[in-house]
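Let's take a walk through this one together. Have the viewer open and follow along.

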Amino acid sequence: MSTVLTAMADDAAAPAITERGPTDWASPEMQARIARRYRGERNFRRLGLLALVIAASFLAFLLFTIVRDGWSGFQRSEARLDVTFDAAVLGVDPAAVRAPGGAALLARADYPGLLLKAAEQLGPAEDTLSDAAWLELRDALLADPALLGTSATLWVPVRSSIDLLAKGKYDLTAPADSRGVSDEEVADWRRLAREGRLRTGFNTAFLLGADSTEPELAGIGGAALGSLFTLLITIAIAFPLGVLSAVWLEEFAPRGRLADIIELSINNLAAVPSIIFGLLGLAFFLNIAGLPRSSPLVGGITLALMIMPVIVIAARVAIKAVPPSIRDAALGIGASPIQVVFHHVLPLALPGIMTGTIIGVARALGETAPLLLIGMRAFVTDVPQGVAAPATVLPMQVFLWSDDVQRGFVEKTSAAILVLLVILVLMNSLAIYLRNRFERRW
Amino acid sequence: MRLLIALLLVLGLAGLAFLAGRARGTRMALAASGAVAGVPGRLGIIHSRPVHHGAYVAMLALAPALLVLMLWTAMGDRWVEGQVIASLPQAQQPASPADRAALMNEVRALVSGDLPQAFNPLAADLAPVYSAADTNGDLLAGALAVALLCAGGLWGFSRLRPDFRARNRVERHVRTILMLTSVVAILTTFGIVLSLIFESIRFFRLVSPVEFLTGLQWSPQTALRADQVGASGAFGAVPLFWGTIFIGAIIAMAVAIPLGLMSAIYLTQYADPRLRRWLKPVLELLAGVPTVVYGFFAALTVAPLVRSLAVALGMTDASSDSALAAGLVMGIMIVPFVSSMADDALTAVPSAMRDGSLAMGATLSETVKKVMVPAALPGIIGGVLLAVSRAIGETMIVVMAAGLAANLTANPFNSVTTVTTQIVALLTGDQEFDSAKTLSAFALGLVLFVMTLILNIYALAVVKKYREAYE
């Protein structure tokens, strides 16, 4: 060792680097070299920016197409119709209607027949009305029974093809066989528009109604309620289970095999593909436990198992962040370990826990794959009646409509995606806000 | 419904027991302090707080009652069924378990009103018996639960003394409950593994595992009639594995790795801190976009574009559900994930290494390329492996944008199918639970589970080891 050192000391008089002479930074070679290196630097930087821009523009393109296709889904075209509520056409006896119990009689009257008669005023365009337009007549009469025998002007929904024509969704310059709409329908639409019978307004049926085979009548209300039921079940199971097991793992678990196995399970469950949870739901909850198929109950339990690891991991981080001095102080004045946790640690960790929970629930709200396997792709034309009744959820509605060949469903699908995205962005923003607002730096 | 009422009743009574116990505790405390009952004052010295006394009484009342109700929910049906069958004379009792199940199903449908008219006259006779036995059973179970609740509550109440250690007893049970909630994670894992393995074993009794893992032909249609065309039912899953890897691990990663890595480098090294503060939450939001949205986008917008590109390149058999469209969109979906993993790995590199390199005169890009990325490589590779595991388990994009044709092709414009697509295709719609077609979905699920598990465990180990190296 020392010989090496002396050797180096001897060499110090003539170090290797001076043999080459000082670098001449002004020489053309060095200038070119520096310019090349700086150019490389600039290119690399641009490459990074380019990657960000590509990813961002792809996503902007996605949002753009969905908004472009989807905003008209919130609108619906309606035709003006002068309806005479003729008791004879309706097949009811005016005297009986005025008597007690007449409302029930009125509800069963022949509205399709009345609609057929009223549609005659449209001339050749009489078949442009939606199949379910008679519901509007019934609702109008039931709301005001005094209309019986008199006339009223009502706005009733039109068929999907006319609706799309009114929104300008077809390229009318294209040849008839490739534009997806017949000349007859175009003529009907022109006629209605010329007579000033068409208007396009906000589509409340879309937000409140349930699924339907007709695009102009289909709504996301049923799916939204199904999502709500499912998420309530999910939260009711996953939140307590997740928080309590995080408490046990962080505060009470003795270091040993059990805690290790639990930790391993949670870490692996967090990364298991979601469709595997669907297989579990199918094999266990449906086939062994015999719970009702297609129901928010089974969907909620399945999703709860899926997001529980997310909540556990977030809650453990939040609990770990509470400084030990809080625990020591509480223990020092005589609190029991359980009291320390439930009176001091958990309230302080709550913002972090809530953030993790909201992110987990948002993930459950957007999840489709496991629910496909437990039969939540049911076609449900009514809002769900309870947690054990067949239901569908928002992302599943998107999936079902995207499969539908009718052109009118394209804008419905995009509109449903918009609703879903707005809810998800609100939830995630709430989580980010909570984290920034309540997160404490100790 | 009756059960729900019983549950609410039991919970309400337990609430009353809690109030009674707490009131007793408060009285004892006031007595110990010498104050007159009802006058608020400083509580005297008793071992546990009134709330613990209340919780103790409620706990003793609730536990046995809940146990009874749970047992009844799990076993009650079998008991009622036994009663109904026993009410029949020996000669009329159904011979086989299948007959018995069919009869009971009909009886149940009659009682619930789903079936207006019985097909089997026996069922019509049994419906009132069933309904009576069911009501009796529910009433009996409810009464037993309430009786146990009262007994437990009274016994607990009678044990309350100023020196009674209610807190210790309650807290011991709270700890047990905490531990039990943690065990749910293990149970879930076991549930997944067991259900996958059991169904897979049933599948492998019908189809040999060797054929499943090495066969090149996948057409799961089993025959309705023996003489049907194409009724072979070939279960060689190699085309599915190839499709999964082709879309998830090759095409998607070819998009996600460069984009994700370069964005992470730009964000950590070049971007203004203010821009970074804005972009990070935006990336998090984008990671939260549901996959069904990406799937819709892939199927409706990207797939036609890819197809016209293929036609423009002179391909005649361009498929409208090409591997490229699904893989491209999946890659974009994974970008935020890869970027955040690479971000973590780059920030974990000690700044001394970066500063040292910059101080020697290296430019930032040279530092990144020659110092930081090599140093962060294990972390980045771990992140990429996690991304691959997520991509191969991803379902909705491939269900909506990739096809069902099991092709063994390396042409990205052709259609391939994946494991997850096939699971969904096999298990949606009408299914018989014993056919090889349905069971094969579980075997595919098992393969998927094992593949992602290995990837995850290995990736997490790599990431962990790398973190330790710099701590």
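How many Å separate the centres of domain 1 of chain B and domain 2 of chain B, taken over C-alpha atoms? The figure is 51 Å, and keep in mind as we go that this is a predicted model. The domain assignment puts residues 2-164 of chain B in domain 1 and residues 234-469 in domain 2. Chain A is divided as well, into domain 1 (75-202) and domain 2 (221-438). There the two centres, again taken over C-alpha atoms, are 44 Å apart.

Now bring the two chains together. Their contact draws on 67 residues from chain A and 62 residues from chain B. On the chain A side, helix 2 (residues 28-70) is the top contributor, giving 17 residues to the surface that touches chain B. Sort that side of chain A by class and you get 48 nonpolar, 15 polar and four charged residues.

For a look at the contact from chain B, go to B:Ile332, which sits in helix 10 (residues 323-347) of chain B. Leaving aside residues up to four places away in sequence, B:Ile332 touches A:Ala55 and A:Phe58 from the other chain, plus B:Val255 from its own. B:Ile332 is buried because 26 other C-beta atoms lie within 10 Å, and the cut-off for that label is 20 or more. Not everything in chain B is at hand, though: B:Pro239, 93 residues away along the chain, has its C-alpha 24 Å from that of B:Ile332.

Step back along helix 10 of chain B and you reach B:Met330. This residue has 28 C-beta neighbours inside 10 Å, so B:Met330 counts as buried too. With residues up to four places away in sequence set aside, the contacts of B:Met330 are B:Ile247, B:Gly248, B:Ala252, B:Ala391, B:Glu394 and B:Ile397. B:Gly295 is 35 residues from B:Met330 in sequence, yet the C-alpha atoms of the two are 8.6 Å apart.

That leads us to the cores. In soluble globular proteins, nonpolar side chains tend to be buried together. Here the largest nonpolar core has 208 residues, and the members that touch the most others are B:Ala298, B:Ala326, B:Val329, B:Ile397 and B:Ala401. Helix 7 (residues 238-270) of chain B gives the most to this core, with 17 residues. Pick B:Ala298 and look around: beyond residues up to four places away in sequence, B:Ala298 touches B:Ala303, B:Ala325, B:Ala326, B:Val329, B:Ile397, B:Met400 and B:Ala401. There is also a second, separate core of 27 residues, which includes A:Tyr111, A:Ala118, A:Leu192 and A:Leu198.

Next, trace helix 2 (residues 50-86) of chain B. Its 37 residues reach 52 Å from the first C-alpha to the last, close to the 54 Å expected at 1.5 Å a residue. Along the way, helix 2 of chain B bends by about 55° at B:Met75.

One last stop is in a loop of chain A. Most residues other than glycine have a negative phi. Phi of A:Ser294, however, is near 60°, a positive value in a residue that is not glycine. You'll find A:Ser294 between helix 13 (274-286) and helix 14 (296-321) of chain A. Is A:Ser294 buried or exposed? A:Ser294 counts as buried because there are 22 C-beta neighbours inside 10 Å.

Methods:
Residues numbered from 1 in each chain as written. Chains lettered and ligands numbered in written order. Predicted model: local features only at pLDDT ≥ 70, side-chain atom pairs only at ≥ 80, totals over all residues. Contact = placed C-beta atoms within 7 Å. Helix = DSSP H or I, 4+ residues; strand = E, 2+ residues; numbered from the N terminus. Nonpolar A, V, L, I, M, F, W, Y, C, P; charged D, E, K, R; others polar. Buried ≥ 20, exposed ≤ 12 C-beta atoms within 10 Å, placed from the backbone. Expected span 1.5 Å × (residues − 1). Bend = angle between axes of the 7 residues up to and from the residue. Core = buried A, V, L, I, M, F, W, Y, C linked by C-beta atoms within 7 Å. Domains from an automatic or database assignment.
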